[in-house]
Amino acid sequence: MLRVTDLHVFYGKSHILRGVDLELAAGEVVALLGRNGVGKSTTLKALIGLVPAHQGSVRVRTDAGWQEVTRLPPWERAALGLGYVPEERRIFPHLTVGENLRVGLDRLRLAGAERRHALQRAFDLFPALADHLHRPGRVLSGGQQQMLALARVLVLRPRVILLDEPSQGLSPLLAEAMMEAVARLGGEGIGVLLVEQNALAALDTCRRAYIMDKGRICHHDEAVALRADPVAMERMLGVTADEEAAP
Amino acid sequence: MTTAIVEARPWPARVARPGLAVVVILLVAGVPWWASSYLILILTSALALGLFALSYDLVLGVTGLISVSHATLFGVGAYGMAIAMTRLEVGLLPGALTGIGAAMAMAWLIGFFSVRTAGAGFIIMTVIFAHSVEHIATIWTSLTGGENGIILGVARVTLVPGLALQFAAGSWSAYYAAAACLGLAWWLCRQLVDSPLGLVLRGIKGNEGRALALGYRVGRFKILINVVAGAVAAVAGILYALCQGFVSVDLLRVLLSVEVIVWTILGGPGTLLGPVLAAVIMSLGIEYLRTVTHQYLIAVGAATLLVVLYLPQGLGGLLQQALGRGQGARRDA
Amino acid sequence: MSGEVLLLQLANGLSFGVIFALIASGITLMWGIMDFINIAHGELYMLGAYGVWLWLVIGVGDFWLALPLAVMGVLGLGLALRGTVLRRIFDRPPLHTLLATYGIALILQQGVLAIFGPFTKELALPVGGLVSLGPVRYPAYRLVVIGVGLVIIVGAWILIQRSTYGIWIRAVAQDRAMAAALGVPVPRVYTVVMALASALAAVGGVLAAPLFGVSPTMGGEIILLAFIVVMIGGLGNYVGSVIGGVLIGEVIALGAIWLQPTEAYLGALGVLLALLLLRPAGLLRAAR
């Protein structure tokens, strides 16, 4: 679904991404892990086009085959099936929940029944949203905002969802619910690239994981393999054995 | 960042600069001997506008304050002097000081605004402010003469007993006074920019947040430079009015404020000399156009648009780009 | 000062206010959504007035037929400007957009001056006669201006609140990058905003033409007042600019009771600047 080759990104003179390679298949949940500041969020931003790529290629698989999106602006990438949920959620504060959903939904120009179906899909995943349709985004709680941020992307009928730290700032219960939702998305055939600080929770949900360091992928393995190797985890992620034992 | 290695410049370079200055001074000083009265008049006006642009470069180019009301200071200086001389019947020097004082007060006000608001809001407010003053000057006919302005006639000032200067439209005194003021002001501004104060101002332009964090009272510096620049602009306005022989609302117009911004951008903000040259050349050009057609303002509008579209870094920037590409290539190799 | 004079001026203030609102709302949309300071916007108002005058001179008999024709002409010009010149300066610092639009305004104004001459052209009132407003008799056309203006303003508001492009416009105003990431075609939204703003200004110009006459400087005379309205109403705040417009209109009209018209204008200016100093963020909060 998504193929990234040799991606380089600069912020001014800083060379943030130094040749990132990764791949994502339909229905796969893949984690992108690493310590703070290695470039995980930047990778997602570059994939959706909010940050320009200096070099490299990003390709998305559409019905018409593989398409190069590296030079396309963000809205055209969204049209080809890329969805993005940023770390800060970025709900439109002065739009209602319903209007937030409409931002993406209206572009698809769906007829009545299809439109309801798309919305229903979002509400199936997050029933609480349906109760708050007319409330403005800024009054929602953190958890509700996270649900809305993901629902907004879902109504776009994406092929790939780029998720940046969905459980950040959420209570353990909500975080777990979020991870379950992510797993369900995978089950529906959507590819999910998940950036997550909480490596352990991520490894429970995903099948594969990439680990980043200093702007490039330094390790790539099946989730089960990584989970079984606490030494490697500690070295690459700074996750100690004590934290792993914590419930 | 690579540090430049400073070498002693070879003697041709060391002679060239002062040599060039001497040549320029001789050329400028020699003009009235062969030029017609009209030519002297427009050259004096151009020099006065050059001084005006110099004062604005202090504000925009060095400190990064974007004000679209600088002509207000230019005009208020001239009007202050004219009103004092005609209504209050004082001499030239007291009149000039009145004008400069009035402009400095107004500059203080503008600086005060700039500290309260920022960004696009401040820019628009300076436009509104300038427009209001222009409007007041136009309708308050009893004070300002309205659209007709105030005629200055011949102004006389005694420098020392026995030596008197006479200013009238197209007079030599006005020309030399303008040239001398411009040269002196340019030299003083150069000293200012290279001084510790200049460093602070440039720091404010580069990164105001950092300047604040370092403990500088940024607001005070902004107001200070605006007042200093206002005084210089007032002198320019006074010289301009003296050489023309009258004061009119044209000196206050928002149009002039916009034009001086264009000159500063074109000449290269912060270079001091660039805006002066741009002002002199472009004002001469406009004067020429004015004799050719009534619609010269369309050309002014077009020039403004073209400069912004294609030369936002000014001619100096264009040069730098051309040079920089060469230098950059060498560095990478 | 009698009650009748007061009533008359209140009504006049509303007619001014509606015209200010039409211009200011366009400016606030462009500024709030595209970060675009358009000094040339007053010239679109002026061209709307010239447009309707021109169509009537050519022989289109009905004012109400000439109105949409004039508006479409200005719309075309606005879109042409967007496609050519304005596209290059969208991402520039505010000073550059201000200078560039000032240059465009100068060109348009002087061009019209060169072609049509400096004298104000009068237009016959499309709706004549007086109407009884309580104790006074009030020009019917002014009531029409108020009515038509309000209808257009409210119509545009509904568009912004309900329609797809309206939601996109508001989303781009609140978070451009995120809107783009969700698939909103930002350049197209900008075009729609330009079109809407141009149309509103043009309608203002057409409505104003029989009231104030048609002159090359009418745009320049009104643009700064419009910017003051925008700053009072809050940047990007459509409703704020409408309320601000009506407010300024009333201040000028009521001020004219005691002061000369030009002094009333200055009085309004002074009051507004004082208010701005007290609350630089705009008197009405930037609710979207």
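In this predicted model, A:Glu28, A:Arg207 and A:Arg208 are tied together in a network of salt bridges. Over all chains, the structure holds 15 salt bridges, and a few of them deserve a closer look.

One of these joins A:Arg159 to A:Asp63, with the closest N and O atoms 3.4 Å apart. The two partners come from distant parts of the chain, 96 residues apart: A:Arg159 sits in the loop between α6 and β7 of chain A, and A:Asp63 in the loop between β4 (55–62) and β5 (65–68). Their surroundings can be read from the accessibilities. A:Asp63 has a relative accessibility of 76% and so counts as exposed, while A:Arg159, with a relative accessible area of 22%, is partly exposed.

Another salt bridge runs between chains, pairing A:Arg90 with C:Asp175 at 2.8 Å between the closest N and O atoms. On the chain A side, A:Arg90 belongs to the loop between β6 and α3 (97–105); on the chain C side, C:Asp175 is found in the loop between α6 (164–174) and α7 (176–181). C:Asp175 reaches 14% relative accessibility, under the 20% cut-off, and therefore counts as buried. A:Arg90, at 23%, is partly exposed.

Back within chain A, A:Asp106 and A:Arg115 form a salt bridge, their closest N and O atoms being 2.9 Å apart. Here the acidic partner, A:Asp106, is buried at 7% relative accessibility, and A:Arg115 is partly exposed at 23%.

Turning to the fold of chain A, an open sheet of 6 strands runs in the order β6-β7-β8-β3-β9-β10, with mixed pairing. The edges are taken by β6 (82–85) and β10 (216–222); each has a single partner strand, so one side of each has no neighbour in the sheet. From one strand to the next, the twist averages 20°. Inside the sheet, strand β3 (residues 29–34) of chain A and strand β9 (residues 208–213) of chain A are paired in the parallel sense over 5 bridges, and A:Leu33 stands opposite A:Ile211 in β9(A).

Helices pack on this sheet as well. Helix α6 (residues 142–154) of chain A touches β6 and β7 (160–164), and its direction makes about 170° with that of β6(A). Helix α7 (residues 172–187) of chain A lies across β3, β7 and β8 (191–195), running at about 150° to β8(A).

Backbone geometry adds a couple of oddities. Most residues other than glycine have a negative phi. Against that background, A:Asp6 stands out with a positive phi near 50°. A:Asp6 lies in strand β1 (residues 2–11) of chain A and is partly exposed, with a relative accessible area of 32%. A:Arg89 also has a positive phi, about 70°, although it is not a glycine. This residue is part of the loop between β6 and α3 of chain A, and at 11% relative accessibility A:Arg89 counts as buried.

Chain B, finally, contributes a surface feature. B:Leu20, B:Val23, B:Val24, B:Leu27 and B:Val28 make a nonpolar surface patch of about 430 Å². One of these residues, B:Val28, is placed in helix α1 (residues 11–34) of chain B and is partly exposed, with a relative accessible area of 30%.

Technical notes: Residues are numbered from 1 along each chain as its sequence is written. Chains are lettered from A and ligands numbered from 1 in the order in which they are written. This is a predicted model: local features need pLDDT of at least 70, side-chain atom pairs count only at pLDDT 80 or more; totals for chains, interfaces and linings use all residues. Side-chain values use heavy atoms; hydrogens and water are left out. Patches are made of residues with over 30% relative accessible area and no salt bridge: like charges are joined within 9 Å, nonpolar side chains (Val, Leu, Ile, Met, Phe, Trp, Tyr) within 5 Å. Accessible areas come from the Shrake-Rupley method with a 1.4 Å probe; for residues, only the protein chains shown count as cover. A salt bridge is a side-chain nitrogen of Lys or Arg within 4 Å of a carboxyl oxygen of Asp or Glu. Helices (H or I, at least four residues) and strands (E, at least two) are DSSP runs, numbered from the N terminus. Buried means under 20% relative accessible area, exposed over 50%, partly exposed in between (1.4 Å probe, protein chains only). Two strands pair if DSSP finds at least two bridges between them. Axes are lines fitted to C-alpha atoms, for helices over the stretch in contact, and angles run from 0 to 180 degrees between N-to-C directions. Contact means heavy atoms within 4.5 Å.
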